[in-house]
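The following report describes how a ligand is held and how charged side chains pair, with the terms explained where they come up.

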Amino acid sequence: MKILVLNGVNLNLTGRREKGVYGSETLEKINKEIAAYAAKRGAETQFYQSNLEGELCTAIHEAEGKFDGIILNAGAFTHYSYALRDAIAAVTVPVVEVHMSNVHAREEFRRNSVLTPVCRGEILGFGKNSYILALESFLL
Ligand code: DQA
């Protein structure tokens with residue numbers, strides 16, 4: 001099982017921005033923990049982060065045929081990127097949407113995701129463990 005963990009805009013600042021919301025561990029550290037957990041569960045992970053919408057779309061296109069699933073935290077793109085939505089719809093590789101924070105308990109604009117309708121499912125509100133739970137969803 002090969003899983004691509006894709007992080008979008010501003011997620012590179014995890015551990016440094018809004019620590020009360022996203023925690024104080026860096027994305028690099030979180031990714032290492034995900035990779036170690038995946039290895040124990042017999043899965044292989046690759047990681048990619050970009051602040052650019054088009055680069056994330058390209059990563060989704062290129063995952064087709066190479067990965068069994070994508071775990072996607074698109075950051076704020078979640079709420080308005082029709083380009084990412086169409087990229088997800090254009091491939092057959094299943095995508096699980098992830099958010100570290102409980103977006104429903106925050107600002108109104110975060111309650112809507114344009115990605116969820118084209119994703120296999122959505123996991124949110126469990127901090128860095130949202131990624132682990134998403135990984136588990138592929139292993140069930
Ligand atoms: C986020 C939630 C988004 O609303 C926000 O723009 C982010 C991070 C999360 O992981 O909780 O950048 O996707």
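## Salt bridges and ligand site

Across the whole structure, a search finds 10 salt bridges, a salt bridge being a side-chain nitrogen of Lys or Arg within 4 Å of a carboxyl oxygen of Asp or Glu. The model is predicted, so local features need pLDDT of at least 70 and side-chain atom pairs count only at pLDDT 80 or more, while totals for chains, interfaces and linings use all residues. Residues are numbered from 1 along each chain as its sequence is written, and side-chain values use heavy atoms, with hydrogens and water left out.

In one salt bridge, the side chains of Lys 29 and Glu 33 meet at 3.3 Å, N to O. Because these two residues are 4 apart in helix H2 (residues 27-40), about one helical turn separates Lys 29 from Glu 33; helices are DSSP runs (H or I) of at least four residues, numbered from the N terminus.

The shell around the ligand, where a residue counts as near if one of its heavy atoms lies within 4 Å, includes Tyr 22, Asn 73, His 79, His 99 and Met 100. The shell residues divide into 4 nonpolar, 5 polar and 2 charged, with Asp, Glu, Lys and Arg counted as charged, Ala, Val, Leu, Ile, Met, Phe, Trp, Tyr, Cys and Pro as nonpolar, and the others, Gly among them, as polar.

Polar contacts (pairs of N or O atoms within 3.5 Å) are listed here.

| Residue and its polar atom | Distance to a ligand oxygen |
|---|---|
| Arg 17, side chain | 2.9 Å |
| Ala 76, backbone | 3.1 Å |
| Arg 110, side chain | 2.9 Å |

Taken alone, the ligand exposes 320 Å², of which the protein buries 98% (Shrake-Rupley method, 1.4 Å probe).

How values were computed. A polar contact is a pair of N or O atoms within 3.5 Å; within protein, one must be able to donate a hydrogen and the other to accept it, and residues adjacent in sequence count only if both atoms are side-chain atoms.
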